[in-house]
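Please open the model in your viewer and keep the sequence panel beside it. The tour moves from one selection to the next and says what is to be found at each stop.

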Amino acid sequence: MNRRNFLGLATSGMFAATAGAPSLSWANSEPGEQSMTTETSYALTRPAHIDQSHLVVTDLGRVSGFYQSMLGLTVIEKTASGEVLGVGGVPLLTLTTTRDARIAPRNAAGLFHTAFLMPNRAELARWLRHAAHNNVVLDGASDHLVSEAIYLSDPEGNGIEIYADRPHEEWKFRQDGTVEMATLRLDLQALYNSAPDERWGGMADGTAIGHLHLQVGDIPQADAFYRDVLGLTLMASRPGASFFATGGYHHHLAANIWNSRGAGARADNMTGLSDYKIRFNDKATLDAAVSKLDQLEIKSEKRDGGVFLRDPWGIGLTLSA
């Protein structure tokens, strides 16, 4: 499919359910072929933000190759059971596998998507141009008012969002402090046309995991855990979904029951989201969250320089500063 047909299908809303394997790798890109930036995204300057994510997969080579060639991540570390991938030497995504790993059913609690935040709109356009020239199959694309987002899936069905935030001063907030978001059509052709006509050399420095969107079994239970226990602020609500953040961001975490209503705890050998890390820029906020865990006698342990616990659906998370 040529890039114009690709964009025509994308902007009309005709999306396939999974993303195909990419045809090109940028492992041999020449220095200077990507635009470099040290700009810190607003999401990462808040009292807390998502630091890293860990997925369990069945085919490590295939999935890792996808994230390298299609998303432009690089391998930072290799272990006996997996790999750590990131951007500019900063770890973002850990992939591991085990002999008994089994594909999680669609209605299981776990990952809805990992959202990779670009430093700016120009980098989002650059990635889209790369995707179009490699005939990537998208799952969707939306203008959320606060951001512009493109959706796809990795080879094992793990959801991915590639997005760029609009400037924070352009966001609209209601009197109760919640933020106005929507799901509108994104003009992919216009976004593509804004990209420079040059070879894409991978994700730019400053790319991060802006948020994680989870599948859970019950929204009131999610609110009770992420808002009332961890101390995140409820920034928006939709039928069957809640969006949480710190410091006025639109969301660092989201939870929905669109596929997973009534889901119980995840099995140990399920593929998908095993655990993730929340990093606190404000130690007082971290201390308050840990204190609340102790007050409520929620089981936790010190691990990897932070405090590890599991949410009501068995998804692990580490709180650290």
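Begin by selecting helix α3, residues 121-133: its 13 residues should span 18 Å at 1.5 Å a residue, and its end C-alpha atoms are 19 Å apart, which agrees. The expected span here is 1.5 Å times one less than the number of residues in the helix. Helices (DSSP runs of H or I, at least four residues) and strands (runs of E, at least two) are numbered from the N terminus.

This is a predicted model, in which local features need pLDDT of at least 70 and side-chain atom pairs count only at pLDDT 80 or more, while totals for chains, interfaces and linings use all residues. Residues are numbered from 1 along each chain as its sequence is written, and side-chain values use heavy atoms, with hydrogens and water left out.

Stay with α3 and colour by accessibility. The helix is mostly covered, with 10 of its 13 residues buried, where buried means under 20% relative accessible area, exposed means over 50%, and partly exposed lies in between (1.4 Å probe, protein chains only). Among the buried residues of α3 are Glu123, Arg126, Trp127, Arg129 and His130.

Now look at both ends of this helix. At the N-terminal end, Asn120 acts as a cap, with a side-chain oxygen 3.2 Å from the backbone nitrogen of Ala122. Just after α3, Asn135 takes a positive phi of about 55°; this residue lies in the loop between α3 and β6 (140-143). Most residues other than glycine have a negative phi. Asn135 counts as partly exposed because its relative accessible area is 37%.

Next, select strand β5, residues 110-117, of whose eight residues seven are buried. Which strand pairs with β5 in the antiparallel sense? Strand β10 (residues 208-215) does, over seven bridges, and within this pairing Leu111 stands opposite Leu214 of β10. β5 is also joined to β8 by four bridges, and these two run parallel; here the bridge partner of Thr114 is Ile160 in β8. Two strands are taken to pair if DSSP finds at least two bridges between them.

From β8, step back to Asn158, which is placed in the loop between β7 (147-153) and β8 (159-165). Is Asn158 buried or exposed? With 8% relative accessibility, Asn158 counts as buried. Its side chain makes a polar contact of 2.9 Å with that of Asp154. A polar contact is a pair of N or O atoms within 3.5 Å; within protein, one must be able to donate a hydrogen and the other to accept it, and residues adjacent in sequence count only if both atoms are side-chain atoms. Leaving aside neighbours within four places in sequence, the residues in contact with Asn158 (heavy atoms within 4.5 Å) include Leu55, Tyr67, Leu111 and Gly272.

The next stop is an open sheet of eight strands with mixed pairing, in the order β2-β3-β4-β1-β14-β17-β16-β15. Its edge strands, each pairing on one side only, are β2 (74-78) and β15 (301-303). Neighbouring strands of this sheet are turned by 30° against each other on average, direction ignored. At one edge, four bridges join β2 to the antiparallel strand β3 (residues 82-87), and Thr74 stands opposite Gly86 in β3.

Add helix α2 (residues 60-69), which packs on the sheet, touches β1 (48-56), β2, β3 and β4 (90-96), and has a direction that makes about 5° with that of β3. Then add helix α6 (residues 283-295), which also packs on the sheet, touching β14 (272-280), β16 (306-310) and β17 (316-320), with a direction at about 130° to that of β17. These axes are lines fitted to C-alpha atoms, for helices over the stretch in contact, and angles run from 0 to 180 degrees between N-to-C directions.

In the loop between β15 and β16, select Asp304. Asp304 has a positive phi of about 50° although it is not a glycine, and it counts as exposed at 61% relative accessibility.

A last local stop is the pair β11 (residues 233-238) and β12 (residues 241-245), which run antiparallel and are joined by five bridges. Ala236 has Phe243 in β12 as its bridge partner. Two residues lie between the strands of this hairpin, where Gly240 takes a positive phi near 80°.

Finally, display the whole protein chain, which has six helices and 17 strands. Of its 321 residues, 53% count as buried.
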